[in-house]
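Q: I should like to learn how a structural model is read. May we proceed feature by feature?

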Amino acid sequence: MNRRRPDQPVGRVAVAAVAVAVAVPVVAVLGRALRIDGAWSLDALERILSNGRTWRLVVVTVAQAIVSTALTAVIGVPLAWVLARFRFPGRSAVRTAAMVPFVLPSVVLGSAIASILGPRGLVDLRATWWPVLVAHVCFNLAVFVRVVGAALDGLDPAIEDVARTLGATPWKAARRVMLPAVAPAIGAAAVVVFLFCLTSFGVIVILGGGSVSTLEVEIWVRATRQFDLSGAAVLAGIQVLAVVATLALHARFARRSVRARRGGRRWARRPDSVGEWTQVLAAVVAVGAVTVVPIAALVERSLRLSDGTHGLDHWRHLGAASAGTGLTVSPWDAVRVSILSALAATAIAVVVGVPAARLVARRPGGAADRVMLVPLGVSATTIGLGLLLAAGRPPVDLRRAWWLVPAAQALVAVPLLVRAVATALRELPPSVSDVAATLGAGPARRWWRVELPMVRGAVVAGAGLAFVASLGEFGATVFLARADRPTVPVAIERLMSRPGSAGFGQAMALSCVLVLLCGAVLAVVDRGVDAFTGSSSDPA
């Protein structure tokens, strides 16, 4: 282990940079709550905490997160069970399709659900929480599929064999033996989904229609519409406390989530009865409902005109759709700004994330690992508001600096890249680096000539996820994007706020553009990963 010490400071610097980058906006927000016009004051704290609306928002925010998590678990756990338990043609495609809503920008997913269940959708559920709950289920289903599915994949098949030998039916064996074995994984997935729903912003702004709100939305409204920065800061402080408590609960579940050792044969098998094939069909239909239906509805709504016919008018007029929206540039200019900002954010994420991933991979569960999870837990609106407050402090006003948006996007994207690269580094055989060291290669040369070429696919995959996450980031960007440099998610929100059906249709068209961009990036990434690793998709 001593031979690895020389290159560890690089990883420590990267982790420290992320910790500082998260601390700056959080401290700025908390400072604004207690310091008004240069003087310490508890007025904002007393004003917000004594307001009954604040605590109603807290109750509503927590309640909708609990309900969203429960609904996702009810669908996600059985889906994870079927995909882990049975091998069938197209299983790999179904698993990949279940991930699609998770990598889509929240604004796009919200727009897709709005085209079906929103205020101007096929079914008008105006001023209700149902569209938001449906969007949360679609977005977070992949978390249960991945986390619980991985835990099920790691179980020894002999566990079920023993239960069946003792007379248990397949259902009883699953309920009494298999599910308890993966209960910590289910708990960990539930906590992550709860956290995402607790800090959800884009889908609520798009689907709420101003009638439903949460703490996250209230922070945005107070900061950008009411110009009550101190009140927004107090609300953000309340949310930070809730996030910290949730992360502590996640750590507890993560420590208990230990896999049983896999046996000599594969866990998954082909369905051998009508009932099992019915379960497979239900899983395929469920994935199709959360993946294909929203995107198809998005495309259809972008083509539907005000008279009920279909045409390309919304697409043709997209370049001149800024009237009445608060935008000073066309949506096509927003596409260019989004791509450039996402490229800059991805570059930052790679420079910071790769050395951090090396440290995380060598010390799983250590301080670095926990620090790199924090950006996923801290609210994007808190990051955006905090950066806005920190950048506006004298003697230098940086609120109009172009790099603020990429910096915020990179902070959100870094954990995704770190997870991908750290996982690949952990799977490298130690003997590879040991042989290189025996041949006289130093730490730096081992990294560049041995380790990095073996994890290039993971770096490419992580960079692709970082780019897509940056492309669709909305919670922080909506605070920081200038009127003459809006990103695509900001432009979509502005178009949806435009009176009349034309703005909504053009927002759907711009959402389709963002879906195409994300899909193209992920397709290129998949080809790049295959080129670097020489792997191909599992035919099952």
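Q: What does the accessible surface of the protein chain come to?

A: Accessible areas are obtained by the Shrake-Rupley method with a 1.4 Å probe, and for residues only the protein chains shown count as cover. Here the accessible surface is about 23900 Å², and 65% of it belongs to carbon and sulfur atoms. This is a predicted model, in which local features need pLDDT of at least 70 and side-chain atom pairs count only at pLDDT 80 or more, while totals for chains, interfaces and linings use all residues. Residues are numbered from 1 along each chain as its sequence is written, and side-chain values use heavy atoms, with hydrogens and water left out.

Q: How many of the residues in the protein chain, as a percentage, are buried?

A: A residue is buried under 20% relative accessible area, exposed over 50%, and partly exposed in between (1.4 Å probe, protein chains only). Of the 540 residues in the protein chain, 51% are buried. Among them are Cys138, with a relative accessible area of 5%, and Cys512, also with 5%.

Q: How many disulfides are there?

A: A disulfide is a pair of cysteine sulfur atoms within 2.5 Å. By this rule, the count is zero.

Q: How many helices and strands does the protein chain have?

A: Both are DSSP runs numbered from the N terminus: helices are H or I of at least four residues, strands E of at least two. The protein chain has 25 helices and two strands.

Q: Is the phi of Phe227 positive or negative?

A: Most residues other than glycine have a negative phi. Phe227, however, has a positive phi, near 55°. Phe227 lies in the loop between helix 11 (215-224) and helix 12 (229-256), and is exposed, with a relative accessible area of 67%.
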